[in-house]
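User: I'm new to this one and would like to go through it piece by piece. Could you put it up so we can start?
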Amino acid sequence: MELEQKTILSLLPPRPAESNKGHYGKLLVAAGSRRFRGAAQLCALGGLRIGAGIVTLAAIEPVITAASACLPEPVFLPLSESRQGGIAAAEAEALLHEACRSSAAVLGCGMGNTPDTACLARTLALQCPGTPLVLDADGLNAVAGDFPVRKEPGLVITPHPGEMARLTGTTIAQIEADRAGTALRFAESCNCVVVLKGHRTVIASPEGELAVNTTGNSGMARGGSGDLLAGMLGGLLAQGLAPFAAATCAVWLHGKAGDLCAARLSRQAMLPHDMLDDLCAFLAQNGL
């Protein structure tokens, strides 16, 4: 099916007057490294702007220092640093403890493709099955040779074609030749929701559901767009949406914000963080 605005808006969680931050979930974001500090900020912002009640950013001190300078809303969980400049594998227990106390988690944005990242990704995927988890970017690259298959539902992955090729042991050309089939087969075999990014992003569920996105444009093709999407997806999971519904909503809204941003700033000049203003404007115009 092709995603439509009416369907997406109907899936978004309501915000009744008699509510507090606890009603909208707690999102854990494990992200960033010395080299990719902005990824953590964009992911956390995505979760915040889509409505999560509390966002905890788990990261190394340089990432937290950069994020806290411009983001007053998140809770911060400082973690020790690996030799490669990301979160150390020794922090797996601390991260697991926080994840099991959260409504949803996102791991991978800008963390670095390292053995430490692989350890943390597998720990959260396999040892905290009750918490929905988004694996993105380096969280996927790090486990490409040994993907952690959950028995329980709740795992969502967000690969671009290159990452999907690594996960499946094929080529980008093969992925692009059968995007829907690739996503459906991987979703079923690995019991996860697959968001195969690109022009007309494909979303597939283990139950065989398939959606094709109709929003988005080439101005979004730059570093940081995926980090924003991962945070939005995690924020919707934290608010209680089922994985497939959360993925379809996040992808469509992300693309819609991109289209509005391109109309305002041009595809040539727009940047991922600019899209947040357009996301907010669109939600406000629709009474959300």
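User: Which residues of helix α12 are buried?
Analyst: This is a predicted model, and in it the buried residues of helix α12, which spans residues 275-285, are M275, L276, D278, L279, F282 and L283. They cover an arc of only 160 degrees around the axis, which puts them on the same side of α12.

User: Why would residues three or four places apart point the same way?
Analyst: An α-helix has 3.6 residues a turn, so residues that are three or four places apart point the same way.

User: Ok, and what is exposed on the other side of α12?
Analyst: The other side of α12 has D277, A284 and Q285, which are exposed.

User: What do the buried residues of α12 pack against?
Analyst: They pack against four helices, namely α1 (5-11), α2, α10 and α11 (243-265). As for what comes after the helix, α12 is followed by G287, and the phi of G287 is positive, near 75 degrees.

User: You mentioned α2 and α10. At what angle do their axes cross?
Analyst: The axes of helix α2 (residues 37-49) and helix α10 (residues 225-238) cross at roughly 35 degrees and come within 6 Å, and the crossing is right-handed. On the α2 side the contact is made by A39, L42, C43, G46 and G47, while α10 contributes D227, L228, A230, G231, M232 and G235.

User: How many of those are nonpolar, polar or charged?
Analyst: Sorted by class, the contact of α2 with α10 has six nonpolar residues, four polar ones and one charged one.

User: Let's move to α4. Which of its residues are buried?
Analyst: In α4, which covers residues 92-100, the buried residues are A92, L95, L96, E98 and A99. Seen down the axis of α4, these fall within an arc of 165 degrees, so they line one face of the helix. The face turned away from that buried side carries E93 and H97, which are exposed.

User: What covers that buried side of α4?
Analyst: The cover includes four strands, β1 (26-30), β2 (54-60), β3 (75-79) and β4 (104-107), together with the helix α5 (115-127).

User: E98 is in that buried list. Why does it count as buried?
Analyst: E98 counts as buried because its relative accessibility is 9%, and the cut-off for buried is under 20%.

User: Which residues does E98 touch, and which side chain does its own side chain make a polar contact with?
Analyst: Not counting residues up to four places away in sequence, E98 touches K26, L28, T56 and L77. The side chain of E98 makes a polar contact with the side chain of K26, at 3.0 Å.

User: Switching again, where is R179, and is it buried or exposed?
Analyst: R179 is in helix α9, which runs over residues 179-190, and R179 is buried, with a relative accessible area of 14%. Leaving aside its neighbours within four places in sequence, R179 is in contact with P161 and also with L196, K197, G198, H199, R200, T201 and V202.

User: P161 again makes me curious: how far apart are the C-alpha atoms of A173 and P161?
Analyst: They are separated by 8.7 Å, and the two residues are twelve residues apart along the chain. A173 is found in helix α8 (residues 172-177) and is exposed, with a relative accessible area of 57%.

User: And E4, is that buried or exposed?
Analyst: E4, found in the segment before α1, counts as exposed at 51% relative accessibility. The C-alpha atoms of E4 and L184 are separated by 21 Å, with their positions 180 residues apart along the chain.

User: Last topic: what is the phi of A137, and what is that of S266?
Analyst: A137 has a phi near 50 degrees, a positive value in a residue other than glycine, and S266, although not a glycine, has a positive phi of about 90 degrees.

User: Where do these two sit?
Analyst: A137 is found in the loop between β5 (133-135) and α6 (138-141), and A137 is buried, with a relative accessible area of 16%. S266 is found in the loop between α11 and α12, and S266 counts as partly exposed at 29% relative accessibility.

Definitions and conventions: Residues numbered from 1 in each chain as written. Predicted model: local features only at pLDDT ≥ 70, side-chain atom pairs only at ≥ 80, totals over all residues. Heavy atoms only, no water. Axes fitted to C-alpha atoms, helices over the stretch in contact; angles between N-to-C directions. Left-handed = near helix turned anticlockwise from the far one by under 90°. Contact = heavy atoms within 4.5 Å. Nonpolar A, V, L, I, M, F, W, Y, C, P; charged D, E, K, R; others polar. Buried < 20%, exposed > 50% of the residue type's maximum accessible area, 1.4 Å probe, protein only. Arc of directions from axis to C-beta. Polar contact = N/O pair within 3.5 Å; in protein donor to acceptor, adjacent residues only side chain to side chain.
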